[in-house]
Amino acid sequence: MTVTSEQRFGEFVAVRRHEEHEHVAELVLDRPKAMNAVSTAMARSIGAACEALGADRDVRVTVLTSSHERAFCVGADLKERNSFTDAELVRQRPTARAAYTGVLELPMPTIAAVHGFALGGGFELALSCDLIVADATAVVGLPEVSVGVIPGGGGTQLLPRRVGAARAAELVFSARRVEAAEARELGLVDELVEAGRDREEALALGGRIAANSPVGLRAAKRALRLGHGLDLRAGLEVEDAAWRSVAFSGDRAEGVAAFNEKRRPQWPGE
């Protein structure tokens, strides 16, 4: 896979673009010596990378990946946390939270490519994405109560939205790890692929999604996210607002014209 550009955000995060996957950005967790444990510096870099991606109108899909062979991300850097005073932990909290909300609030569709361990904050980063592609080596879970805290990167809110309140409660309260096959069965991940193919398959899926209207994709994501949990009437109002934001766009005009002319759309992205 040919990397056409790479932008570094600090030491531990990179954003890559590939010749084979136009309009897809790869957000790489790149702290292999610590199995991508999220330190304060890494959290700051994730937030900065997400801010840059959110402003890049050329990016239609973001794929979150790991450079470590045996882990997606093992969660918060507990060695660093062990050195914090209470005051330092309080000061660090907004930085840590911004990393997770940065991924969650990306305006384009997002896909996590998960292999090996995705635990605690690592699994929360994946849960912050719209879709999760996992390979057969994946082991996921939210073990925070086993070390005296709770999921703090969105896990208590995102997990029940995926699997329901009772199933989420069992997983959070038991702090158990879930291997790939059961994770797929429970809906913790969306696609299960052969070992070593999570990144490749996630990028390919990203490429298929990115072939669609960038205006339509962002509006559809808004409708899906904002409408979730609302009653039907309120949800339909959210959908109508999203529809109105695209109905008179250049992308809508181009899409209809391309369909009638039996050609591939050339999306203006506006």
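This report describes strand pairing, burial and selected surface residues in a predicted model.

**The open sheet**

Four strands, in the order β5-β7-β9-β10, make up an open sheet with mixed pairing. At its edges lie β5 (71-73) and β10 (178-179), each of which pairs on one side only. Strand β5 runs parallel to β7 (residues 117-119), and 2 bridges join them. Within the β5 and β7 region, C73 is placed opposite A118 of β7.

**Strand β6 and its partners**

Strand β6 covers residues 110-114 and is mostly covered, with 5 of its 5 residues buried. The side chains of a regular strand alternate between the two faces of the sheet. In β6, T110, A112 and V114 point one way, while I111 and A113 point the other way; all are buried.

Two parallel pairings involve this strand. Strand β4 (residues 61-66) is joined to β6 by 3 bridges, and T62 has T110 of β6 as its bridge partner. Strand β8 (residues 131-135) pairs with β6 over 4 bridges, also in the parallel sense. Here V114 stands opposite A134 of β8. T110 and V114, which appear in these residue contacts, both belong to the group pointing one way from β6.

The parallel pairings described above are collected below.

| Strand pair | Bridges | Sense |
|---|---|---|
| β5 and β7 | 2 bridges | parallel |
| β4 and β6 | 3 bridges | parallel |
| β6 and β8 | 4 bridges | parallel |

**Surface residues in loops**

L78, V147 and V149 together make a nonpolar surface patch of about 270 Å². Of these residues, V149 is located in the loop between β9 (139-141) and α5 (155-163). Its relative accessibility is 46%, so V149 counts as partly exposed. The cut-offs behind this class are under 20% for buried and over 50% for exposed, with partly exposed in between.

A further loop residue is H228, found between α9 (214-227) and α10 (232-247). H228 is classed as partly exposed because its relative accessible area is 46%. In sequence, H228 and S5 are separated by 223 residues, and their C-alpha atoms are 36 Å apart in space.

**Summary**

The buried strand β6 pairs in the parallel sense with β8 and runs parallel to β4. The open sheet of β5-β7-β9-β10 has mixed pairing. On the loops, V149 is partly exposed, and H228 is partly exposed as well.

Terms used:
Residues are numbered from 1 along each chain as its sequence is written. This is a predicted model: local features need pLDDT of at least 70, side-chain atom pairs count only at pLDDT 80 or more; totals for chains, interfaces and linings use all residues. Side-chain values use heavy atoms; hydrogens and water are left out. Buried means under 20% relative accessible area, exposed over 50%, partly exposed in between (1.4 Å probe, protein chains only). Two strands pair if DSSP finds at least two bridges between them. Patches are made of residues with over 30% relative accessible area and no salt bridge: like charges are joined within 9 Å, nonpolar side chains (Val, Leu, Ile, Met, Phe, Trp, Tyr) within 5 Å. Accessible areas come from the Shrake-Rupley method with a 1.4 Å probe; for residues, only the protein chains shown count as cover. A salt bridge is a side-chain nitrogen of Lys or Arg within 4 Å of a carboxyl oxygen of Asp or Glu.
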